[in-house]
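User: Please take a close look at a single part of this model, and explain how that part is put together and what surrounds it. I would like one connected account with the cut-offs spelled out.

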Amino acid sequence: MSQGPRSGLAAVSTALLAMSRHLEVRDVLKTIVASARELLDAQYAALGVPDDHGGFAQFVVDGVSDDQWKRIGPLPRQHGVLAAMLREAKPQRLADVRTDARFGGWPSAHPDLADFLGLPIRDGDEVIGALFLANKNCPKPEGTCGFDADDEELLAILAQHAAIALTNARLYERSRELTIAEERSRLAHELHDAVSQKLFSLRLTAQAAATLVDRDPARAKGELQQVAALAAEATDELRAAVVELRPAALDEDGLVATLRTQVHVLDRAHTARVTFTAQGVRALPAAQEEALLRVAQEALHNALRHSGAERVGVTLSRRGSGAVLRITDDGGGFDPRAIRRAGRHLGLVSMRDRAGGVGGTLTVESAPGKGTTIEMEVPGG
């Protein structure tokens, strides 16, 4: 606000418009954080969306490099000043967060924070996030906070609009999920009706051919030709249905965004921590993207339902013109050879088929008590 009323209001207006422009939750969070750090001229900004297990479903930072963020390690828990913002639902303005009685330290790679300003993000009576800034870029006499009452007022305005933008983004994602579910239900009914009729006709025609084989071979031959035609039609129906069942989000958002959204949903739905990272991935042929998505879904299902894992990680990285997908968990693991001997597959056969069907490879590394790593590589286009 020190730049003057006109420039200050213009900057606020730009930030609010940027928030309302995005519909994806992750994009909204990033925009909120970047806008807050720029407007209040701070070195660091972050926004945490709490989960129901004492941690954060999402935690977005600005001012920290990707390499430093990786070295910091797991997301923070709801403790210290962060917990105070979520539970007491009131602003926190501190001259030095490190001297606060609630301060509990941070990892060695964490940036050193001093003066601190944080506010809860509220949707009615519910606290849906915590927004905070640290290290104001200004002279600070010993024992004073660089953030002042004007900064707190400005951040409060941002927090109010952040609540609206975040709520709208969540409603949009939920609406899209319902739309996809409704579309799949419609396609399932169409598939059932169309293919079932073809298969019923095929069965009757085959039965007729069987009764005619001995007494009227010529007519039996005609009926068998009809069986072949009906089978071809049924195959075409199935192929068309499979093409139409390609995940809508994959076409609309691409593989990286689709995987990120699905991992986020699973992370909120399960007690295990589920994370996703992507590194330099280019767009791939449609069949390869769909195969990667399906393998990721199958591997995540196994890890979350059967392994007892506390942490599951999904990474998608570029390799040459293609990509490598890795799903790792710290669960109970298994002996792949014993699984095969017992006639159980845990979806491994279908995953290998999907990988092979697009010219890719799939490897599985696991042992009892050692967790599991599934890696799929595709060649790209």
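Analyst: In this predicted model, phenylalanine 59 is buried, at 8% relative accessible area (buried is under 20%, exposed over 50% and partly exposed in between, using a 1.4 Å probe and protein chains only). Phenylalanine 59 forms a stacked aromatic pair with tryptophan 69, the ring centres being 6.3 Å apart and the planes 5° apart (rings of Phe, Tyr and Trp, for Trp the six-membered ring, pair if their centres lie within 6.5 Å, and planes under 30 degrees apart are stacked, over 60 edge-to-face and the rest tilted). The pair links distant parts of the chain, since phenylalanine 59 belongs to strand β2 (residues 56-62) and tryptophan 69, ten residues away, to helix α3 (residues 66-72); here helices (H or I, at least four residues) and strands (E, at least two) are DSSP runs, numbered from the N terminus. Tryptophan 69, at 27% relative accessibility, counts as partly exposed.

Residues are numbered from 1 along each chain as its sequence is written, and side-chain values use heavy atoms, with hydrogens and water left out. Because the model is predicted, local features need pLDDT of at least 70 and side-chain atom pairs count only at pLDDT 80 or more, while totals for chains, interfaces and linings use all residues.

A search of the whole structure gives five aromatic pairs. One of them joins phenylalanine 56 and phenylalanine 59 in an edge-to-face arrangement, with 5.3 Å from centre to centre and 70° between the planes. Phenylalanine 56 is buried as well, with a relative accessible area of 3%. Ring pairs gather Phe56, Phe59, Trp69, Phe116 and Phe132 into a cluster.

The part to examine closely is strand β8, within its sheet. Five strands make up this open sheet, in the order β6-β7-β8-β10-β9 and with mixed pairing (two strands pair if DSSP finds at least two bridges between them). The edges are held by β6 (273-279) and β9 (361-366), each of which has a single partner strand, so one side of each lacks a neighbour in the sheet. From one strand to the next the twist averages 10° (axes are lines fitted to C-alpha atoms, for helices over the stretch in contact, and angles run from 0 to 180 degrees between N-to-C directions).

β8 covers residues 322-329 and is mostly covered, six of its eight residues being buried. On one side, β8 pairs with β7 (residues 311-319) in the antiparallel sense over eight bridges, and valine 324 of β8 is the bridge partner of serine 317. Two residues lie between the strands in this hairpin, where glycine 320 takes a positive phi near 65°. β8 also pairs with β10 (residues 372-378), again antiparallel, over seven bridges; threonine 328 has threonine 373 in β10 as its bridge partner, and arginine 326 stands opposite glutamate 375 in β10.

Two helices complete the picture around β8. Helix α8 (residues 255-269) lies across β6, β7 and β8 and runs at about 165° to β6 (contact means heavy atoms within 4.5 Å). Helix α9 (residues 286-306) packs on the sheet and touches β6, β7, β8, β9 and β10, its direction making about 5° with that of β8.
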